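Let's take a walk through a protein model together, step by step. Have the sequence and the 3D view ready, and look up each part as we reach it.

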Amino acid sequence: MQTFTQYVAGSNIDTSLKQLLHTLVNTSKEISKAVSHGALAGVLGETEQQNVQGETQKKLDIITNDMLKNALDNDLTVKGIASEEEDYVVAANENGQYLVCFDPLDGSSNIDINSLVGTIFSVLPATEDELTEASFLQKGCNQVAAGYVLYGPSTMLALTTGNGVQMFTLHPETNEFMLTEAQVAIPVDTKEFAINMSNQRFWQPAMQTYINDLIKGDTGVRQKNFNMRWIAAMVGDVHRVLSRGGIFTYPADTKNPKKPFKLRLMYEANPMALLVEQSGGLASTGYENILDIQPQEIHQRVAVILGSSNEVETCLNYHAL
Ligand code: AHG
Ligand code: MN
Ligand code: MN
Ligand code: MN
């Protein structure tokens with residue numbers, strides 16, 4: 001079995017990107033340790049601060065954000081960073097070739113119940129001399145690498161550098177990530193969907209009708225029964241989709257008219273869309289491929305529909321009506 005270090009050494013990517021991947025992955029090992037200490041380290045619970053997203057930050061949102069920020073700042077390949085937990089983009093190293101966008105702790109509402117959380121990252125090329133927010137406003141298809149680390153019963157890394165998706169499992173004794181799935185392939189069909197059903201009455205008609213038809217099962221037009229899962233951490237739900245297929249969606253809703261979408265394009269939707277597409281799946285807003293969206297601002301939010309290709313296409317057909 002290959003270690004992550006061996007895998008990266010043998011891969012056909014720039015030396016500078018190899019270095020950056022090691023920085024991200026080594027920091028994720030430290031985050032895995034911090035998260036696993038839980039109540040023992042006094043790191044659970046909320047702070048009194050709000051982030052730019054309007055969310056009350058958990059202590060671990062801030063701790064993990066600082067861990068990644070410091071590590072990336074010390075990596076000369078990194079020109080700048082953007083994070084869910086930072087109001088503005090942060091300059092790192094003037095001559096860095098890469099911009100890193102991240103969600104340091106995804107699913108942070110799960111942290112106090114010892115349930116799934118993860119870290120999501122996206123790497124873009126730094127193409128301009130001067131670092132501004134505009135430097136980050138690149139389409140998702142520009143990503144040179146994307147991945148997540150899931151802190152679950154095992155700590156797992158899913159990574160793409162544009163050559164499929166590889167999955168690694170952290171060996172608890174050696175503290176090395178081991179390649180446990182060399183080429184992830186999402187089944188094209190599925191009987192499993194993931195959506196927060198409590199928002200049902202706030203969805204648009206297309207999504208209402210689509211989900212209603214799934215729930216009707218073999219008594220409706222779909223003529224098969226579906227099962228539902230919702231982890232409340234995108235990283236966990238997407239990991240299930242990569243592992244055994246499924247459709248995951250956080251659609252537009254009118255619950256808060258000022259905030260029609262929940263998930264963030266740069267830190268959540270884009271990296272997950274690249275992983276899903278690199279595994280043979282599809283990722284859309286319902287009307288546009290996620291990876292083709294021209295971002296207008298770093299904290300932009302989008303509707304997300306991703307997963308098994310035939311099922312996503314079926315869902316998109318409802319949106320085309
Ligand atoms: P974060 O913890 O990084 O703020 O992200 C939470 C996101 C996403 O991971 C998850 O799919 C979704 O919020 C859950 O939303 P609900 O609480 O509405 O179910
Ligand atoms: Mn958050
Ligand atoms: Mn998140
Ligand atoms: Mn988060």
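**A walk through the model**

D106 lies in strand 5; helices (H or I, at least four residues) and strands (E, at least two) are DSSP runs, numbered from the N terminus. Before going further, please note that this is a predicted model, in which local features need pLDDT of at least 70, side-chain atom pairs count only at pLDDT 80 or more, and totals for chains, interfaces and linings use all residues. Residues are numbered from 1 along each chain as its sequence is written, while chains are lettered from A and ligands numbered from 1 in the order in which they are written.

Is D106 buried or exposed? With 29 C-beta neighbours inside 10 Å, D106 counts as buried. Here a residue is buried if 20 or more other C-beta atoms lie within 10 Å of its own, exposed if 12 or fewer, and partly exposed in between, with C-beta atoms placed from the backbone. Leaving aside neighbours within four places in sequence, D106 is in contact with several residues, among them V117, I120, M234 and E268. Two residues are in contact if their C-beta atoms, placed from the backbone, lie within 7 Å.

Follow that last contact to E268, which is found in helix 7 (residues 265-278). E268 has 26 C-beta neighbours inside 10 Å and so counts as buried. Not counting residues up to four places away in sequence, E268 touches D103, D106, I120, M234 and L263.

D103, D106 and E268 also appear together in a record: UniProt lists them, in an unreviewed entry, under "binding site". They span 166 residues in sequence, yet no two of their C-alpha atoms are more than 8.5 Å apart, so they gather at one spot. UniProt positions are given in the numbering used here, feature names are shortened, and annotations may be inferred rather than shown by experiment.

Now turn to ligand 1. It is surrounded by 13 residues, and the closest are D106, S108, N196, A232 and M234; a residue is near a molecule or strand if its C-beta atom, placed from the backbone, lies within 6 Å of it. By class, this shell has 4 nonpolar, 4 polar and 5 charged residues. In this scheme Ala, Val, Leu, Ile, Met, Phe, Trp, Tyr, Cys and Pro count as nonpolar, Asp, Glu, Lys and Arg as charged, and the others, Gly among them, as polar.

Step back to see the whole protein, which is divided into domain 1 (4-181) and domain 2 (192-320); these bounds come from an automatic or database domain assignment. Why does ligand 1 lie between the two domains? Both of them give residues to the shell around ligand 1, so it lies between them. The C-alpha centres of the domains lie 23 Å apart, and 33 residues of domain 1 are in contact with 28 residues of domain 2. On the domain 1 side, strand 6 gives the most, with 5 residues. That side divides into 17 nonpolar, 11 polar and 5 charged residues.

Next comes an open sheet of 8 strands, with the order 4-3-5-6-7-8-9-10 and mixed pairing; two strands pair if DSSP finds at least two bridges between them. Strand 4 (90-91) and strand 10 (177-181) are the edge strands, each pairing on one side only.

Within the sheet, look at strand 8 (residues 155-160), where 6 of its 6 residues are buried. In a regular strand the side chains alternate between the two faces of the sheet. In strand 8 both faces are covered, with T155, L157 and L159 on one side and M156, A158 and T160 on the other.

Strand 8 has a partner on either hand. Strand 7 (residues 145-151) runs antiparallel to strand 8 and is joined to it by 6 bridges, with L150 and M156 as bridge partners. These two strands form a hairpin with 3 residues between them. Strand 9 (residues 166-170) is also antiparallel to strand 8, through 4 bridges, and here L157 has F168 as its bridge partner. The hairpin of strands 8 and 9 has 5 residues between them, and G162 in the turn has a positive phi of about 95°. From strand 9, 4 bridges lead on to strand 10, again antiparallel, and F168 is the bridge partner of L179.
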